[in-house]
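Thanks for coming, everyone. I'd like to walk you through a structure that most of you haven't seen yet, so let me put it up on the screen.

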Amino acid sequence: MSVGVLLLTHEAMGDALVSAAHHVIGQFPLPLEVLEVGACADPERALGDASRRARHLDQGDGVLVLSDLYGSTPCNIAQRLSGLGFRTHCVSGLNLPMLLRVLNYPNQDLDQLAQTAASGGRGGICIDHA
């Protein structure tokens, strides 16, 4: 079994990151789905969709939810999933280094993978000192 990964993002962001990740690593070693929440989306309807996707992704080891912006509608929806009985961790600040790091550690459990996601996201931010 493995942890499922749900990207819960603003419109067009999740699919773009998945496309870039496919370009870098090819086939994904973890089950992954994307739910993009549009500007005019009904949050309750999006929560229902996120719930269905989490149920599909959870193979017994939980679901890591990666969201783009803490405090935004997609992140708030992600945080509500655990209240619906799902075993989840939500990590916000989604960027390509975070996603790639997660996909490179498919054998980690949910708690470890959440830490890996956070460190991968932070580690992918660099300042050019030129």
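Let's start with strand β1, helix α1 and strand β2, which together form a right-handed β-α-β unit. Right-handed here has a set meaning: point the strands away from you, and the path from the first strand over the helix to the second runs clockwise. The helices and strands I name are DSSP runs, numbered from the N terminus: H or I with at least four residues for a helix, E with at least two for a strand.

Before I go on, a word on what you're seeing: it's a predicted model, where local features need pLDDT of at least 70 and side-chain atom pairs count only at pLDDT 80 or more, while totals for chains, interfaces and linings use all residues. Residues are numbered from 1 along each chain as its sequence is written, and side-chain values use heavy atoms, with hydrogens and water left out.

Okay, β1. That's residues 4–10, and 6 of its 7 residues are buried. By buried I mean under 20% relative accessible area; exposed is over 50%, and partly exposed is in between, using a 1.4 Å probe and protein chains only. Which strands does β1 pair with? One is β2, residues 32–37, running parallel to β1 and joined to it by 6 bridges. Another is β3, residues 63–67, also in the parallel sense, over 5 bridges. I'm calling two strands paired if DSSP finds at least two bridges between them. If you want landmarks, Thr9 has Glu36 as its bridge partner in β2, while in β3 Gly4 is partnered by Val63 and Leu7 by Leu66.

Between β1 and α1 there's a loop, and Ala12 sits in it. Its phi is positive, near 75 degrees, and it isn't a glycine. As background, most residues other than glycine have a negative phi.

Now α1 itself. With 13 residues at 1.5 Å a residue, α1 should span 18 Å, and its end C-alpha atoms are indeed 18 Å apart. That expected span is 1.5 Å times one less than the number of residues. Which residues of α1 are buried? They're Gly14, Leu17, Val18 and Ala21. Looking down the axis of α1, the buried ones fall within an arc of 100 degrees, so they line one face of the helix. The arc is taken from the directions from the helix axis to the C-beta atoms. What covers them includes β1, β2 and α4, residues 96–103. Right after α1 comes Gly26, with a positive phi near 80 degrees.

Let's move along to β3. Here 5 of its 5 residues are buried. Val63, Val65 and Ser67 point one way, and Leu64 and Leu66 point the other. That's the usual picture: in a regular strand the side chains alternate between the two faces of the sheet.

On from there, β3 runs parallel to β4, residues 88–92, with 5 bridges joining them, and Val63 stands opposite Thr88. The chain gets from β3 to β4 through helix α3, residues 73–80, in another β-α-β crossover that is right-handed. In α3 the buried residues are Pro74, Cys75, Ile77 and Ala78. They cover an arc of only 160 degrees, which puts them on the same side of α3. They pack against β1, β2, α2 (43–57), β3 and β4.

So what about the cores? A nonpolar core, for us, is a set of buried Ala, Val, Leu, Ile, Met, Phe, Trp, Tyr and Cys residues joined through side-chain atoms within 4.5 Å. The largest has 24 residues, and those with the most contacts inside it include Leu7, Leu66 and Leu99. Two or more residues come from each of β1, α1, β2, β3, α4 and α5, the last being 110–123. There's also a second, separate core of 15 residues, with Ala46, Ala54, Val63 and Val65 among them.

Take Leu99 as an example of who meets whom. Contact means heavy atoms within 4.5 Å. Skipping neighbours within four places in sequence, Leu99 is in contact with Leu7, Leu17, Val18, Ala21, Leu32, Leu66 and Leu94.

Last stop, Asn104, in the loop between α4 and α5. Is Asn104 buried or partly exposed? It's partly exposed, at 48% relative accessible area. That's where I'll stop, so over to you.
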